[in-house]
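Me: I am in my first year and would like a close look at one part of this protein model. Please take the largest nonpolar core, and then place it in the chain.

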Amino acid sequence: MILVKTEAGQQALKDRSIRLTPRQRSAFILCDGKRSVSEVLDAGMGIAREDIDQMVELGLLGQVGGTADAANAGTVSVPPNSAAPAAEVPKEAAWPAAPAPTEASAAHPAPARSNQQRYKDAYPIATQLTGSLGLRGFRLNLSVEGTSTYEELLALSPKIRDAVGPEKAAALDRALGL
C-alpha cells in the first residue's frame, strides 16, 4: 500500500498542532505517494508499523487509491503491494482528511467522545493559547507540547486558564469536556 500526506497532515506538520515523534516525522516525510509502506518501514530509520498506523488514524496520511471502507476501519491493514500511481487516483478515492478542530466544533462536542478524541480536539487549542503568550508562556507551551495523553493535558488546564483568562480558556474547557 502507498500512503500520501493529507492536507490536514501537511498543515499539522507546518504548525506542529499534532505532536509527532522523530520516527513519526521521518515516516511522514517518506510517505510521498511513491514509496510503499514496506519501503518506508525498511528505510532503516527505526520506523515501526504502529507509527504509520497512528498517523493514518489521525488523518495525517491517506491511502493512495483507498476506499471508504478502509478509512472507516480505523487501523491500517497493509496489503503487501498495492500500487496505483498518485497521479491517476481521483481525489475522492483518497482517505478523507480529519477535520481540524475549531472553536465552533469544540463548542458542540459529540456526546460520547473518548479521552483520546478529547485530547486530539484540545491539544491544538492548548498550543495556540500558550503560544500566544509569547515569552511569558514559553515554559507552559513546552509543558503542553510534552503531553501525550488527555490526563496530562487536563492536569495543565488550570495553569493555562490562569495564564490566558477564563474567556480565552473556555474553548479549551469545552474541548476537554469540562
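Reply: Here is the core, followed by its setting and the confidence of the model.

This is a predicted model, where local features need pLDDT of at least 70, side-chain atom pairs count only at pLDDT 80 or more, and totals for chains, interfaces and linings use all residues. Residues are numbered from 1 along each chain as its sequence is written, and side-chain values use heavy atoms, with hydrogens and water left out.

The core comes first. A nonpolar core is a set of buried Ala, Val, Leu, Ile, Met, Phe, Trp, Tyr and Cys residues joined through side-chain atoms within 4.5 Å. Buried means under 20% relative accessible area, exposed means over 50%, and partly exposed lies in between (1.4 Å probe, protein chains only). The largest nonpolar core has 19 residues. Val144, Leu153, Ile160 and Leu172 touch the most other members. Helices α7, α8, α9 and α10 (166-176) each give two or more residues to this core. The largest share, 6 residues, comes from α7. Helices here are DSSP runs of H or I with at least four residues, strands are runs of E with at least two, and both are numbered from the N terminus.

Now take Ile160. Contact means heavy atoms within 4.5 Å. Leaving aside neighbours within four places in sequence, Ile160 contacts Ala126, Leu129, Thr130, Leu140, Val144, Gly165 and Leu172.

There is also a second, separate core of 18 residues. Among its members are Leu3, Ala12, Ile52 and Leu61.

Next, the loop between α7 (115-131) and α8 (138-145). Leu135 is found there. Leu135 is exposed, with a relative accessible area of 76%.

Step back to the whole chain. Its secondary structure comes to 10 helices and 3 strands. From the N terminus on, the elements run β-α-α-β-α-α-β-α-α-α-α-α-α. Buried residues make up 38% of the 178 residues. Among contacts between residues at least 6 apart in sequence, 68% join residues at least 24 apart.

Last, confidence. pLDDT is the predictor's confidence in each residue, from 0 to 100. The chain averages 74, and 74% of the residues score at least 70. Confidence is highest in helix α9 (residues 150-164), at a mean of 90. It is lowest in helix α5 (residues 68-72), at a mean of 34. Over residues 67-99 the pLDDT is below 50. Beyond near neighbours in sequence, that stretch has 49 contacts in the model. Where pLDDT is low, the predicted coordinates should not be read in detail.
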